[in-house]
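Hi everyone, thanks for making time. I'd like to walk you through one structure today, so have a look at the screen while I talk.

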Amino acid sequence: MQNPTEQIRDPLLIAESWMAEGRDVAIATVVETWGSAPRPVGSHLVIDEAGHFEGSVSGGCVEGSVIAEAMDVISQGTPRMLEFGVADETAWQVGLSCGGRIKVYVERLG
Amino acid sequence: MDPYCLKKLNAERQARRAALLLTDLGDGRDRVIREGDPVAGLLGDAVKQAFLSGKSGLAEIEGRSFFLNVHVPPPRLVVIGAVHISQALAPMAKIAGYDMEIVDPRTAFATPERFPDIKLFAEWPQDILEQRPLDPYTAVAVVTHDPKIDDQALERALKAGCFYVGALGSRKTHAKRVERLKALGFSEDEIALIHSPIGLDIGAASPAEIAVAVMAEVIKAFRARGLQTARHLEKTA
């Protein structure tokens with residue numbers, strides 16, 4: 001952890017502190033990328049049950065739909081694999097306009 | 001994700017140790033693996049590779065799908081010597097994403113006026129490195145020209161398996177240093193890990209140019225660090 005500011009913004013540390021506060025949390029992770037993807041494999045977006053989020057899985061283009069899916073994952077408890085990209089019609093709607101494709105794994109913490 | 005795994009992973013990351021979160025995408029189970037922990041079979045090979053490359057990714061092993069998320073500590077640069085070169089190196093290291101700190105027991109050199117906005121310790125290396133230990137993700141550059149100060153840090157840097165160890169000084173100075181380190185029990189192979197003369201050979205003349213050469217050499221060593229880390233792990237296993 002580079003410096004205090006960066007440490008504060010670290011999604012996994014935030015997830016842990018949210019958990020300690022008793023909030024329900026989902027963790028989304030980029031597990032695969034093709035072409036030009038804005039965030040590297042291993043990047044995290046963490047979401048709580050009220051829709052607060054920290055971190056990123058893209059340059060901001062697919063976060064909205066990952067957050068919506070994360071709400072379901074929090075209530076149902078089953079992990080999901082999401083795919084966004086040019087091969088997918090809905091991907092254009094949510095706009096991964098950079099032309100890349102990404103696979104995002106969304107799971108509940110606990 | 002198992003809450004216990006998250007806590008363990010965060011603890012490892014905050015302690016500047018490399019760790020990997022292994023998730024079985026079939027059943028969602030996960031576990032934390034530390035660098036050097038024994039993992040058998042093909043999965044073990046994939047884990048080892050992930051630590052060496054620092055790259056996360058999917059692995060299909062015996063019909064099962066895994067995600068390996070590897071967390072390698074951000075590189076740190078410890079400079080022994082609050083000298084003119086260090087003044088130029090400090091802002092460069094910051095821009096390159098390195099967390100830099102300076103150690104120099106000579107209080108006339110180690111002043112906040114000469115080094116604003118940087119971690120500065122006006123103490124002997126042996127004392128401060130006790131409290132803030134070196135590790136394989138740390139680079140050490142010794143630039144005081146004073147063996148009493150430099151040697152303490154070199155000794156510790158070699159023992160800790162730092163990914164980069166550089167020492168300022170002419171070939172003649174370095175030859176004497178080699179003799180002193182041999183007398184302390186270091187082997188020729190270990191001593192050969194020290195970069196001296198320090199810095200990539202770009203014909204650097206001014207302190208700022210030497211700082212550029214040192215920074216470049218540190219980056220080069222970090223990007224090629226796989227082999228040295230593997231050697232250190234074998235030695236300490």
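Let me start with how I name helices and strands: helices (H or I, at least four residues) and strands (E, at least two) are DSSP runs, numbered from the N terminus. On that footing, B:R177 sits in helix α6 of chain B, residues 171–183.

Before going further, some housekeeping. This is a predicted model, where local features need pLDDT of at least 70, side-chain atom pairs count only at pLDDT 80 or more, and totals for chains, interfaces and linings use all residues. Residues are numbered from 1 along each chain as its sequence is written, chains are lettered from A and ligands numbered from 1 in the order in which they are written, and side-chain values use heavy atoms, with hydrogens and water left out.

Back to B:R177. Two terms first. Buried means under 20% relative accessible area, exposed over 50%, and partly exposed in between, with a 1.4 Å probe and protein chains only. A salt bridge is a side-chain nitrogen of Lys or Arg within 4 Å of a carboxyl oxygen of Asp or Glu. For charge, Lys and Arg count as positive and Asp and Glu as negative, while His and the chain ends are not counted.

So which side chain of opposite charge is nearest to B:R177? That would be B:D150, 4.3 Å away, and B:R177 is buried yet has no salt bridge. With contact meaning heavy atoms within 4.5 Å, and leaving out residues up to four places away in sequence, B:R177 touches B:D150, B:D151, B:L154, B:A167, B:L168 and B:S196.

B:S196 takes us to a backbone feature. The peptide bond from B:S196 to B:P197 is cis, with omega near 0°. B:P197 lies in the loop between β10 (194–195) and α8 (207–223) of chain B.

While we're on backbone, there are two positive phi values to point out. B:E62 isn't a glycine, yet its phi is near 45°. You'll find B:E62 in the loop between β3 (57–61) and β4 (64–71) of chain B, and it is exposed, at 68% relative accessible area. B:D117, also not a glycine, has a positive phi of about 60°. B:D117 is in the loop between β6 (99–103) and β7 (119–121) of chain B, and it is exposed too, at 74%.

Now the pairs that do count as salt bridges. As a reminder, side chains of opposite charge can pair when their charged atoms come close. How many salt bridges are there over all chains? The count comes to 22.

Take B:R16 and B:D135, whose closest N and O atoms are 3.1 Å apart. B:R16 is in the loop between α1 (3–14) and β1 (19–24) of chain B, and B:D135 is in the loop between α4 (125–131) and β8 (138–142) of chain B, so the pair ties together parts 119 residues apart in sequence. Both B:R16 and B:D135 are buried.

Next, B:E101 and B:R76 meet in a salt bridge at 3.4 Å, N to O. B:E101 belongs to strand β6 of chain B and B:R76 to strand β5 (residues 76–80) of chain B, so this pair ties together parts 25 residues apart in sequence. B:E101 and B:R76 are buried as well.

Strand β6 of chain B also holds B:D99, and B:K119 is in strand β7 of chain B, so their pairing ties together parts 20 residues apart in sequence. The closest N and O atoms of B:D99 and B:K119 are 3.3 Å apart. Buried or exposed? B:D99 is buried at 18%, whereas B:K119 is partly exposed at 35%.

Over in chain A, A:E21, A:R23 and A:D48 are linked in a network of salt bridges.

Last stop, the interface. The contact takes 23 residues from chain A and 23 residues from chain B. The buried area, meaning the accessible area (1.4 Å probe) that two parts lose on being put together, summed over both, is about 1900 Å² between chain A and chain B, with carbon and sulfur atoms giving 61%.

And how many salt bridges does the rule find across that interface? One, where the side chains of A:D10 and B:R13 meet at 2.3 Å, N to O. On the chain A side, the elements giving two or more residues are α2 (11–20), β1 (25–34) and β5 (101–108) of chain A. That's my tour, thanks for listening.
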